[in-house]
Protein chains: 2
Amino acid sequence: MTTDKKLIAVAAALLDTGGEDAVTLRAVGHASGLSHNAPYKHFENRDALLAAVATADFVWLAEAFKSVRQSSAEPAAKLMNALKVVIAFSVEHPARYRLLLSNPAIAAQKGDLESTAFIAFGEFIMIVQECQAAKALPDAPNTTLAGLLFATMNGLIAMEASGRMRPEKGLTSVESGLKTLVHLLAPKRR
Amino acid sequence: MTTDKKLIAVAAALLDTGGEDAVTLRAVGHASGLSHNAPYKHFENRDALLAAVATADFVWLAEAFKSVRQSSAEPAAKLMNALKVVIAFSVEHPARYRLLLSNPAIAAQKGDLESTAFIAFGEFIMIVQECQAAKALPDAPNTTLAGLLFATMNGLIAMEASGRMRPEKGLTSVESGLKTLVHLLAPKRR
DNA sequence: ACCTGAACACCGTTCAAGT
DNA sequence: ACCTGAACACCGTTCAAGT
């Protein structure tokens, strides 16, 4: 493994075990068997390293979405499966998830991160499109609908991460909230 | 103004002008005309000071929601007005907004912050309830529906803050996204 | 080309002391 | 009760130097 890949992997591991605060460039360097400032030979600064972690995770997410899309499930099931992929990622890697969608300083970076995020979102749009063709979702512009679903998912995940998803609020889990939304959006047949 | 109120006001001002990184306890102390560690005499640590800022903002938000609710507008207009209040706050005070809903380390704090957030959300629920009574929103549990709308709004705001709300994604603004959602949720009459 | 070590200018936080 | 000043253990980042 090249040094830069190693640094990204170590940073990702630190995010998982200790959260964003644990990712000091000094810790990344040492955990990689290098000096405290070796990371600077591969990344411009701390934000650039974190953006590289986010980029790798978006690549993974795009692949996961693609697998779901190419599966043999019903369109509506594919949609829920895609959402579940993100939910599971946010539960297993909360700090890394926040890097993807809730950290303006990182997410706003252009280049690889931006384009990879776009590819992942493109897969999601295609799944939404299938749902619309199957009349499982209403006939709105598909990118708009996909954006709304994605935003809702992210909002629910953030709500849960903040400990604000309480039964008194009528929400018990991200998944059930999304199921309710999809159900409410489904075209009515009367 | 008591010293603790002063420190909260100074911290809020620093959040507005320089973002979260600008809020060092040293800067807060100095900008308050005190020493670098005077904040420790009023707040346990940096997170506690930030939580106090968030609490004050939730109090303001609850009042703003209440004004909207008690206005003479139509229920559906009240809903959009309440959402606009939050959107405007997120635009004018992005760093403070993130403290309210997108910062687990802060948002997860119990006590005053938690209860104030709950009061603000309660006002929002009542507005949603009025919309349901007026048939402007579907007949789902009101807390669930309110939670979904709030989560979507937060997700859209985060998406915009990350620079990911691109026309290619079919979303041009937080407000138009929410209008589309409310329109899609509106009970169909055929 | 890639890495190390010293150094700088910061932080949050603690503690002893002042009034 | 409230505040200051010194001190500690960190950071990100820069720079000169090594191989």
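This is a dialogue between a student and a tutor about reading a predicted model of two protein chains and two DNA strands.

Student: Where do I start with chain A? How many helices and strands are there in chain A?

Tutor: Start with the secondary structure. Chain A has nine helices and zero strands. Read along the sequence, the pattern is α-α-α-α-α-α-α-α-α.

Student: What does chain A span along its principal axes?

Tutor: The C-alpha trace of chain A covers about 70 × 35 × 25 Å.

Student: How do I read burial? What share of chain A counts as buried?

Tutor: Burial is judged by relative accessible area, and under 20% means buried. In chain A, 51% of the 190 residues count as buried.

Student: And contacts between residues set apart in sequence?

Tutor: Take the contacts in chain A with a separation of 6 or more. Residues 24 or more positions apart account for 63% of them.

Student: Which residues have the most contacts inside the largest nonpolar core?

Tutor: They are A:Leu79, A:Phe124, B:Leu79 and B:Phe124. That core has 134 residues. Now look at one of them. Setting aside residues up to four places away in sequence, A:Phe124 touches A:Phe65, A:Leu79, A:Ala82, A:Leu83, A:Ala146, A:Leu149 and A:Phe150.

Student: Now both chains. How do I compare chain A with chain B?

Tutor: Lay one on the other, then look at the move that does it. A turn of 180° and a shift of 0.0 Å along the axis put chain A on chain B, with an RMSD of 0.0 Å. That is the relation of a two-fold axis.

Student: Why do we say that the copies meet through the same surface?

Tutor: Because 100% of the interface residues of chain A are also interface residues in chain B.

Student: Next, the DNA. Which residues come nearest to DNA strand D?

Tutor: Look for names from both chains. There are 18 residues around DNA strand D, and A:Arg26, A:Tyr40, B:Ser35, B:Asn37 and B:His42 come nearest. Now do DNA strand C. It also has 18 residues around it, with A:Ser35, A:Asn37, A:His42, B:Arg26 and B:Tyr40 nearest.

Student: What classes of residue make up the surface near DNA strand D?

Tutor: Five are nonpolar, nine polar and four charged. The surface near DNA strand C likewise has five nonpolar, nine polar and four charged residues.

Student: Which parts of DNA strand D lie within 4 Å of the protein?

Tutor: Sort the atoms of the strand. Of those within 4 Å of the protein, 44% belong to sugar or phosphate, and the rest to bases. For DNA strand C, sugar or phosphate also makes up 44% of such atoms.

Student: How do I read single polar contacts on DNA strand D?

Tutor: Ask which atom sits on each side. For B:Ser35, a backbone N or O atom lies 2.6 Å from a phosphate oxygen of DNA strand D. For B:His42, a polar side-chain atom lies 2.5 Å from a phosphate oxygen of that strand. B:Lys41 reaches a base: an N or O atom in its side chain is 3.4 Å from a base nitrogen of DNA strand D.

Student: And on DNA strand C?

Tutor: A backbone N or O atom of A:Ser35 is 2.6 Å from a phosphate oxygen. The side chain of A:His42 has an N or O atom 2.5 Å from a phosphate oxygen. For the side chain of A:Thr3, the distance to a phosphate oxygen is 3.4 Å.

Student: Let me try a loop residue. Is B:Ser32 buried or exposed?

Tutor: B:Ser32 is buried, with a relative accessible area of 13%. It lies in the loop between H2 and H3 of chain B. A polar atom of its side chain is 2.7 Å from the backbone oxygen of B:Val28. Beyond four places in sequence, B:Ser32 contacts B:Lys6, B:Leu7 and B:Val10.

Student: What about B:His36?

Tutor: B:His36 is in the loop between helix H2 (25-31) and helix H3 (46-69) of chain B. At 37% relative accessibility, it counts as partly exposed. Leaving aside neighbours within four places, B:His36 is in contact with B:Leu25, B:Arg26 and B:His30.

Student: Last, backbone angles. What is notable about phi of A:Lys135?

Tutor: Check the sign, then the residue type. A:Lys135 has a positive phi of about 65°, although it is not a glycine. It is found in the loop between helix H7 (112-133) and helix H8 (142-161) of chain A. A:Lys135 is exposed, at 56% relative accessible area. In chain B, phi of B:Lys135 is also positive, near 65°.

Methods
Residues numbered from 1 in each chain as written. Chains lettered and ligands numbered in written order. Predicted model: local features only at pLDDT ≥ 70, side-chain atom pairs only at ≥ 80, totals over all residues. Heavy atoms only, no water. Least-squares fit on C-alpha atoms with pLDDT ≥ 70 in both. Contact = heavy atoms within 4.5 Å. Near = heavy atom within 4 Å. Polar contact = N/O pair within 3.5 Å; in protein donor to acceptor, adjacent residues only side chain to side chain. Nonpolar A, V, L, I, M, F, W, Y, C, P; charged D, E, K, R; others polar. Helix = DSSP H or I, 4+ residues; strand = E, 2+ residues; numbered from the N terminus. Buried < 20%, exposed > 50% of the residue type's maximum accessible area, 1.4 Å probe, protein only. Core = buried A, V, L, I, M, F, W, Y, C linked by side-chain atoms within 4.5 Å.
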